[in-house]
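Please look over the sequence and the model below before reading on. The briefing that follows takes up a few topics in turn, beginning with a question.

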Amino acid sequence: MSKSLSLRTKVLATITAALLVLFTIQYFITRVVLFDSFAHLETERANLNLHLIRSVIEQNLAQLEGAVQDYAYWDETIAHLKGEAPQFFEENLTLQGFNNLKINAAILTDAKGKVVFSRSARWDSKTLIPTSQELLRLSSGGGPLWKHPNTKSKFSGLLMLPEGPALVASLPVLDSNAEGDIQGAFIWARYLDEPIIKLINDTTRLDLTLKVLDENSSPEALKLYAQLKDNPTYIEELSTSMMRANSLLSDIFGKPALIYSTNIQRDIYAQVVSTTGYLFWSSFAAFAILALISLLFDRLVVQRIVKLTRQVSEVGNASSISFNRIPESGSSDELAHLTGSVNNMLTRIEQGIAERKRAEDRIYLMAHYDQLTRLPNRVLLNNYIGKAIHEANKTQSQFAILFMDLDRFKNVNDSIGHQAGDELLTTVADRLRSFISGRAFISRLGGDEFVVLLPDLFNTEQAEEFAARLVDVLNRVCVIKGQEVNVSTSIGISVYPTDGEDIDTLIRNADTAMYRAKEKGRNNYVLYCKHMNADAVQRLQIESSLRHAIERNELAVHYQPVADLMSNQIISAEALLRWQHADLGYVSPGKFIPIAEETGQIYAIGDWVLRAVCKQLRTWLDHNVAVVPVAVNISPKQLQNRHFYQESLNILREYGIPTALIVFELTESTVMSEDEETALVLPKLQSAGIRIAIDDFGTGFSSFSRLHTSPVDILKIDQSFIRRINESADSEADNSSNVIKAMISMARALNIRVVAEGVETEAQSNFLRKNQCDAIQGYYISKALSAIEFGGQLRNQVQNGHIKTTPKPRSQPVSMLHITKPDDVPSVTKMRQANETQREAIDGEAAHPTSPSPHSGNGNGNGYTNGNGNGNGYTNGNGNGYTNGNGNGNGNGHHGNGTNAFTDLLTVLMPTKPINPAAKN
């Protein structure tokens, strides 16, 4: 009896002790861990708020840099420095401009450091104020803001002035291409005064306060500075419900200048303190109830279980999965039933342990082996590589990682089916098992990727020899579902420790080398070298940045004119995409367009380009600019989108752009492809009035029969042929000239207009004119121009009649189109009479009755260009339209009765001054 009581006492003591321990732990977690955690969260929130404020200040500085750049890289600014445009800044940097740009001071100095222009204002109240003498001193000759060592130089940051802290940006004055000699410096300032602080507070929804660090600093500011000297931030706990976050800003010279602070309500922390108080007392009550329940449990249950406990204690600790059973008493009370249940439970435990062992074996196989090929997977591969690293470090040896990827495996899945793809993977795995022996280890990472670990290398040549044999072994025909499938692989090789000292680096570098093998034509191997990582990092950076290029306004469209060889007029332009990355600078389309096509971003970029062109055309039309058709480059992937046709027309309708003003340029391989979607959409686009041009003609594989039946309006000869035209008298006899003649003759026979790309010399132009090429494009005419520059060229063309080309060497920048004086230009009527018989592509049956142009009309009807007769259209025979023929008549269009040539009806009133950037904002 005493033993039983002693046991119950132990049980009660144990339960009581457990309750006390739990109560203590709960108190510790609540009062220490939980409170500290939420206090840490409040501190993190304070740091985030400080980071947000700094980000907004940096955004203000970036906006200031961008705004001053618009003026610093402006030809009119240089003209002003030379005294040629004395009123330019008086008209552009008005008080309204200061308000729009939110700047307080603008200072322009010449190349000698003399202040040529300065103006200061309170932008919020639109009142002029004296310019800071300190800012003038720093911006003039000898000042740190004036002298720029090179064209890429810029100074920007915080500047402490007697008038208060200010954000300052200084850029060298260059021409509109950001090139040439430095003509001076342009310095803008934006005070961090009450209006700017209010804007920052409204943006961040915080209460920003600033404390200046100078000889007059308050004791509080000095105390904060002492805390911030060695720390990026300093958090003050003002109370349980309020805290203040402080951080430090340095000026443009790196000197600590400003402390910015913000107060933060500790509402979460205060709520946690209140809530945990209730939780503590609730837990205390719960523990007291549990103590009472344990006493009752002792009296009602524990005493009756004592006997059963003795019987259970007789069950031995078996060394196997078998357990001794508890002897049964033969009675039928509750404890007897419990005894039987315990014995049954032991039986089920035995069965469960056996099943668990079998399950563990299955799980191990699933966790470490590929289910399809039964090869080791990534987990087991990592284990083996780890062991190989350890062994190589001990023996000072090398080993290689061969990363393999099957070439064009996706084609098998797409053409024969995924089951066939699985069968192919199994076949490849069997071949690898048969070939690889000894200590080499093979693994499947997933998809069509395999990795081979090749240990104990004496030199890298061994790995290359092994990879070469592996390529040969896999480069054999497989019969899958009754079809022969050619299998080949690309292999990348990395060697330990030369190419990496850990698992991830070795696999990643081998993967990078594998992709280089694919770029070199597949079915081969490449040994990793360090420069591959730089290429991969740059590609990744371009791919990542490209996703945000549109929203960051980094993309722009430039326009390269296309000139008619007979009239020397601009008859169209090609829209060329430009990307000015914030960090990488100018990124060539040759780099980012293939990445955009591979990642699928080409759809959004293509849509943006078409919209940008339509928006610009709409702007020109609204300002009575003599617009010409614009060619937009279209990716093959865009054409494969089933909605491309309708989406393109919707964009044109949205901006009210006639289809006659849009040309879609496609590569030769795209037009000649067998793709069903492409074959359907091109005729529909042509029927809608959008012309189709083949770009870079001669570099693909065109057949005469396909070209004859394809919906093509314009053929653009690739510049590689044009470059080979000799400037000597023998140019007519060389092979390149004969090829070009053949292309022109073929196109004219098919009634297709011909444009020569990449024309850079007068000799090339003369050769093409002599051989009846329709138009030319290239630096001989003009480089790609901004929308403003190209709009000016269209205006000058209307005013002066035609263009005069000046050939420029490739190594030097090419100037804009040069416009002749009106006195040097024959009348438009005479030009038309001289050229009328040679312009079959736009004159229709008037010149070639037997071969009407697809853009001409004869008699009553619609036409986009010229023709004799009455008709309605954007370009009519006799009537109204963008381009008119001879005579008078009625027709629908944007202009009145036409008379003679393409430019007769287009009177343009382009602004003679540059557009004010402040007004644009």
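Is cysteine 773 buried or exposed? With a relative accessibility of 2%, cysteine 773 counts as buried, because buried means under 20% relative accessible area. The model discussed here is a predicted one, and the points below are grouped by topic for a reader who is meeting it afresh.

**The chain as a whole**

- The chain has 921 residues, of which 47% count as buried, and its secondary structure is made up of 29 helices and 30 strands.
- When contacts with a separation of 6 or more are considered, 60% of them are accounted for by residues that lie 24 or more positions apart in the chain.
- The area exposed by the chain comes to about 46,700 Å², and 52% of that area is supplied by carbon and sulfur atoms.

**Cysteines**

- Whereas cysteine 773 is buried, cysteine 529 has a relative accessibility of 28% and counts as partly exposed, because that value falls between the 20% and 50% limits.
- Zero disulfides turn up when the whole structure is searched.

**Leucine 145 and its surroundings**

- Leucine 145 sits in the loop that runs between helix H5 (133-139) and strand S4 (155-161), and, although it belongs to a loop, leucine 145 is buried, with a relative accessible area of 2%.
- Leaving aside residues up to four places away in sequence, leucine 145 touches Leu135, Leu138, Ser139, Phe155, Leu159, Val168, Ser170, Ala185, Ile187 and Ile252.
- One of these contacts spans a long stretch of sequence, since isoleucine 252 is 107 residues away from leucine 145 along the chain, while the C-alpha atoms of leucine 145 and isoleucine 252 are 9.7 Å apart in space.

**The second largest pocket**

- The second largest pocket holds about 990 Å³ of space.
- This pocket is lined by 34 residues, and those closest to its centre are Tyr515, Arg516, Glu519, Arg539 and Glu598.
- Two or more lining residues are given by each of strand S11 (398-406), helix H11 (409-415), helix H14 (503-519), helix H15 (531-546) and helix H16 (589-599).
- Helix H15 provides the largest share of the lining of the second largest pocket, with ten residues.
- Sorted by class, the lining of the second largest pocket comprises 18 charged, eleven nonpolar and five polar residues.

Technical notes:
Residues numbered from 1 in each chain as written. Predicted model: local features only at pLDDT ≥ 70, side-chain atom pairs only at ≥ 80, totals over all residues. Heavy atoms only, no water. Helix = DSSP H or I, 4+ residues; strand = E, 2+ residues; numbered from the N terminus. Buried < 20%, exposed > 50% of the residue type's maximum accessible area, 1.4 Å probe, protein only. Contact = heavy atoms within 4.5 Å. Areas by Shrake-Rupley, 256 points an atom, 1.4 Å probe, with all protein chains shown as cover. Disulfide = S-S within 2.5 Å. 1 Å grid on protein atoms, 1.4 Å probe; cavity = no way out; pocket = protein on both sides within 12 Å on 5 of 7 lines; lining within 4 Å. Points joined across faces, edges and corners; volume = space filled by probe spheres on them. Nonpolar A, V, L, I, M, F, W, Y, C, P; charged D, E, K, R; others polar.
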